[in-house]
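Trainee: Could we go through this protein together? I should like to begin with its interior.

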Amino acid sequence: MDLIFHNVRALTSDRRRPVATLVAVREDRIAYVGESADLARLRQPGTRVINGEGQALVAGFVDAHTHLFAYAAHLLSVDCSPSAVRSIPELRAAIRGRAAETPPGQWVRAVGYNEFYLAEHRHPTRWDLDEAAPEHPVRLAHRSGHVVVLNSRALLAVGISQETPDPPEGLIDRAVPSGEPTGILYDADAYLTGRVPPLSDAELRDGVRRAMRSYLSEGYTSLQDATHHNGLDDWRAMQGLVDGGDVPVRVTMMADARRMDVFLQAGLSFRAGDNRLRMGAAKVMLQEATGRLHPSADELRDIVLRAYRLRWQVAVHAVDERPIAAVADAFAAAFASIPGASDRRLRVEHCSLCPPELLERLAGRDVVVVTQPAFLHHSGERYLAEVPADKRAWLYRCRAFLRARLRPAAGSDAPVAPPGALLGISAAVTRRAASGQSVAPHEAVTVREALEMHTRAAAYAAFEEKERGALIPGMLADIALLSADPTAVEPDAIRDIRVRMTVIGGKVAWEG
């Protein structure tokens, strides 16, 4: 054996042996799961033995929905989140500080603002940002990722003026009655791609290394990158970072569903790659910022049908009732197109506000929901203030998804929220916002169910449950050592548990 953990409380996610006190690793696989009394016969010369001192051992966490490159950029940007700024003057001051360090004419990037928590309870505008950085183009991203604010120099740089029409999938906010752009753009990612300069290779590598420290320190060993515009260049960039050792975690990278042909022509189909980097689902971003669905319901159905016939898993971003209904229609058409087809695991990403009638339409089908329970902690106060009272019971459901056999998996959606599986587990169990308010408490799940959402169910969402997400002999030795057993502490205390060690493929990748 190469590595043995003993004197631990191992939560294995194996129904045949749910708890053990010893886990042994040979090369990159779990070789044995048993009791500490087995240590003497398993130990060999050269075996590294770790006494867990009664701490908990779990399968490494799997983030079923994240955005690695966006998170890398986020970590290099000005922090304008509620924990850093509470008013527009404070936001301006933060941006002004970065601008003072940046040569005139170069872009200043800022992230994370949330108008709900700003004293003024409004979005900043171009004029606010002009005051902070008149000599720099500025891009300020909302915490949701669906709103961007540009200052006047940035608007000029990307070609937006009073005469510019709204992009097909987005909306340019305009002052009344002048029609002058305010700098606030809704769902404009596609328009801005290629117009706002990307990070340099050196910046990207720096940001990714910072992101890796964050993921590893939270016990993550696998990520599913759900970025909807991932193209062949993004795949190649990720491959370079993986091969160069900058990305030690395992990555499953979704592909832009509009570019499946490009990937296929390059010899990359669904599940191509290896257990370090693998091709994931075809991702569709279903938006309605303009008041209509983009893509349209008919276009969505055609995309889903084509992927289904190619045996390429589909993942569709759908937050509210109207998009979720369109997804249910498209999935039903796919099921009907090939009677008897099975195990396609069509994914609904977020499914944030799912009423009973839509839950019933998805239930019992070959569908997986990937949700974000940590949002209850980070944004629960805002949900309770903004979501109509008669719909709050449908917010970020967990128990209902389990009962409907939708195999709910959990993702952080970083950079929308920071990675943190233990916080996600706590939120799924307590259903409490940071403010202490309860959000749809009837949707609470048990600690073991929440742990499963962040490990084996998350692996299942990407067809990876046979090699990761559990402490079972033969599976990859991806492991997290925790300071306490989440099943043995008060639910509110789960978020205070710390990751002591993260192991990937039998090698210690992080230790704190």
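**Nonpolar cores and cavities**

Mentor: Let us begin with the largest nonpolar core of this predicted model. That core has 91 residues, and the members that touch the most others are Phe-61, Tyr-215, Val-247, Leu-300, Trp-312, Phe-331 and Leu-482.

Trainee: Which element gives the largest share of this core?

Mentor: Helix H11, residues 321-337, supplies eight residues, the largest share.

Trainee: And what is Leu-300 in contact with, leaving aside its neighbours within four places in sequence?

Mentor: Leu-300 is in contact with Val-284, Leu-286, Pro-295, Val-316, Ala-326, Val-327 and Ala-330.

Trainee: What other core lies apart from the largest one?

Mentor: Another core, of 19 residues, includes Cys-80, Leu-129, Ala-133 and Val-147.

Trainee: Changing topic, how many cavities of 30 Å³ or more does a search of the whole structure find?

Mentor: The search finds three. The largest cavity holds about 80 Å³ of space. Its lining consists of 14 residues, and Tyr-220, Gly-411, Ser-412, Gly-420 and His-454 lie nearest the centre.

Trainee: Which elements give two or more residues to that lining?

Mentor: They are strand S6 (61-66) and helix H15 (421-430).

Trainee: How do the lining residues divide into nonpolar, polar and charged?

Mentor: Eight are nonpolar, five are polar and one is charged.

Trainee: Lastly, what pLDDT does the protein average?

Mentor: The average is 97, and 100% of the residues score at least 70. Among the elements, S6 has the highest mean pLDDT, 99, whereas helix H6 (residues 189-192) has the lowest, 92.

Notes: Residues numbered from 1 in each chain as written. Predicted model: local features only at pLDDT ≥ 70, side-chain atom pairs only at ≥ 80, totals over all residues. Heavy atoms only, no water. 1 Å grid on protein atoms, 1.4 Å probe; cavity = no way out; pocket = protein on both sides within 12 Å on 5 of 7 lines; lining within 4 Å. Points joined across faces, edges and corners; volume = space filled by probe spheres on them. Helix = DSSP H or I, 4+ residues; strand = E, 2+ residues; numbered from the N terminus. Nonpolar A, V, L, I, M, F, W, Y, C, P; charged D, E, K, R; others polar. Core = buried A, V, L, I, M, F, W, Y, C linked by side-chain atoms within 4.5 Å. Buried < 20%, exposed > 50% of the residue type's maximum accessible area, 1.4 Å probe, protein only. Contact = heavy atoms within 4.5 Å. pLDDT = per-residue confidence, 0-100.
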